Amino acid sequence: MKTTRGKVEEIFLDGSARISCPPGLIPTPGQYLQTQADGSYPPLPVCLFPSLSSPNGFRSAPPIPSEWTPGKSLTLRGPIGRGFSLPPSARKTALISFDDSLSRLLGLVSQALAQKSEIVAVCDTVVEGLPEIVEIQPLRSLPDVLAWADYAAMDMERGKLNRLEKNLEALGQAAARIEAQVLLRSPMPCAGIADCGVCAFTSRRGWRMICREGPVFDLGDVI
Ligand code: FES
């Protein structure tokens with residue numbers, strides 16, 4: 001993990017930003033950077049997740065702080081945490097967002113296409129910029145998609161984990177056979193530095209820290 005300087009290069013209408021930084025600092029899908037803008041007040045760090053790679057950096061997933069503007073200098077620490085690991089054998093990949101946006105999963109699209117995997121994106125929001133080869137389905141089609149997929153990458157807030165567990169129980173075998181990972185999101189004010197405990201949650205294996213043990217977990221380890 002490194003600490004270095006970066007910059008906001010461009011801000012997009014969806015609330016994401018293009019960030020320039022050294023290549024070694026670019027997070028892989030699911031990893032994050034702890035970010036502090038010069039002169040920000042209060043001086044609270046922000047965790048940035050990648051959406052897509054871009055020249056000399058990456059495009060962050062939204063949202064970014066509203067006061068950020070192009071040219072803003074940043075102090076970046078990372079990459080932090082465990083990201084997604086697409087199994088080399090995956091040929092039917094499901095990307096599933098239970099929340100606001102599919103953007104934190106988009107970095108997996110090129111990886112999946114490179115290994116000739118079919119891809120279905122599942123979410124209830126508008127998705128822009130996906131290759132035509134990627135099929136898009138609403139969340140109500142989740143049972144069918146899980147019955148089809150051999151790997152699923154999911155993105156959700158920590159508080160929805162219990163609801164996911166109930167949904168998967170209802171799906172029975174369709175969910176039990178699948179290899180799946182889930183990106184859990186919560187406030188992460190210290191990002192593992194101070195053991196503040198804000199990102200903790202209870203899994204079947206006891207207390208877990210999202211900032212340090214995740215933020216991507218194997219689904220079977222958390223429900
Ligand atoms: S954010 Fe402080 S321990 Fe995880």
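## Two domains, two open sheets

Let's start with the sheet of 7 strands: it is open, runs in the order β4-β3-β7-β1-β2-β6-β5, and its pairing is antiparallel. Keep in mind that this is a predicted model. A second open sheet has 6 strands, and there the pairing is mixed. Zooming out, the protein chain splits into domain 1 (2–80) and domain 2 (92–222) according to the domain assignment.

**The antiparallel sheet**

- At the edges you'll find β4 (46–48) and β5, each with a single partner strand, so one side of each has no neighbour in the sheet.
- Go from strand to neighbouring strand here and the average turn is 35 degrees, direction ignored.
- For a pairing to look at, take β3 with strand β7 (residues 73–80): 5 bridges link them in the antiparallel sense.
- If you want a spot to click on, A37 sits opposite L74 in β7.

**The mixed sheet**

- Reading across this open sheet of 6 strands, the order is β10-β9-β8-β11-β12-β15.
- β10 (135–137) and β15 (216–218) are the edge strands, and each of them pairs on one side only.
- Neighbouring strands in this sheet are turned against each other by 20 degrees on average, again ignoring direction.
- A parallel pair here is strand β11 (residues 151–157) with strand β12 (residues 179–185), joined by 7 bridges.
- A153 has Q181 of β12 standing opposite.

**A hairpin**

- Strand β13 (residues 200–203) and strand β14 (residues 206–209) pair in the antiparallel sense, with 4 bridges between them.
- The two make a hairpin, and 2 residues lie between β13 and β14.
- S203 has G206 in β14 as its bridge partner.

**Where the domains meet**

- Measure from C-alpha centre to C-alpha centre and domain 1 and domain 2 are 22 Å apart.
- Each side chips in to the contact: domain 1 gives 13 residues and domain 2 gives 13 residues.
- On the domain 1 side that touches domain 2, the elements giving two or more residues are β3 (32–37) and β5 (50–54).
- Of the elements on that side, β5 gives the most, with 3 residues.
- So which classes of residue make up the side of domain 1 that touches domain 2? There are 9 nonpolar and 4 polar residues, and no charged ones.
- Put this next to the sheet and β5 turns up twice: it is an edge strand with a single partner, and it also gives the most to the side of domain 1 that touches domain 2.
- β3 has two roles as well, pairing with β7 over 5 bridges and giving two or more residues to the side that touches domain 2.

**The chain as a whole**

- Count up the secondary structure and the protein chain comes to 6 helices and 15 strands.
- What radius of gyration does the protein chain have? It has 17 Å, which agrees with the value near 17 Å for a compact globule with 223 residues.
- Along the principal axes, the C-alpha atoms fill a box of roughly 50 × 40 × 30 Å.
- As for burial, 38% of the 223 residues count as buried.
- Take the contacts between residues at least 6 apart in sequence, and 69% of them join residues at least 24 apart.

Methods: Residues numbered from 1 in each chain as written. Predicted model: local features only at pLDDT ≥ 70, side-chain atom pairs only at ≥ 80, totals over all residues. Domains from an automatic or database assignment. Contact = placed C-beta atoms within 7 Å. Nonpolar A, V, L, I, M, F, W, Y, C, P; charged D, E, K, R; others polar. Pairing = 2+ DSSP bridges. Axes fitted to C-alpha atoms, helices over the stretch in contact; angles between N-to-C directions. Rg over C-alpha atoms; globule rule 2.2 N^0.38 Å. Buried ≥ 20, exposed ≤ 12 C-beta atoms within 10 Å, placed from the backbone.
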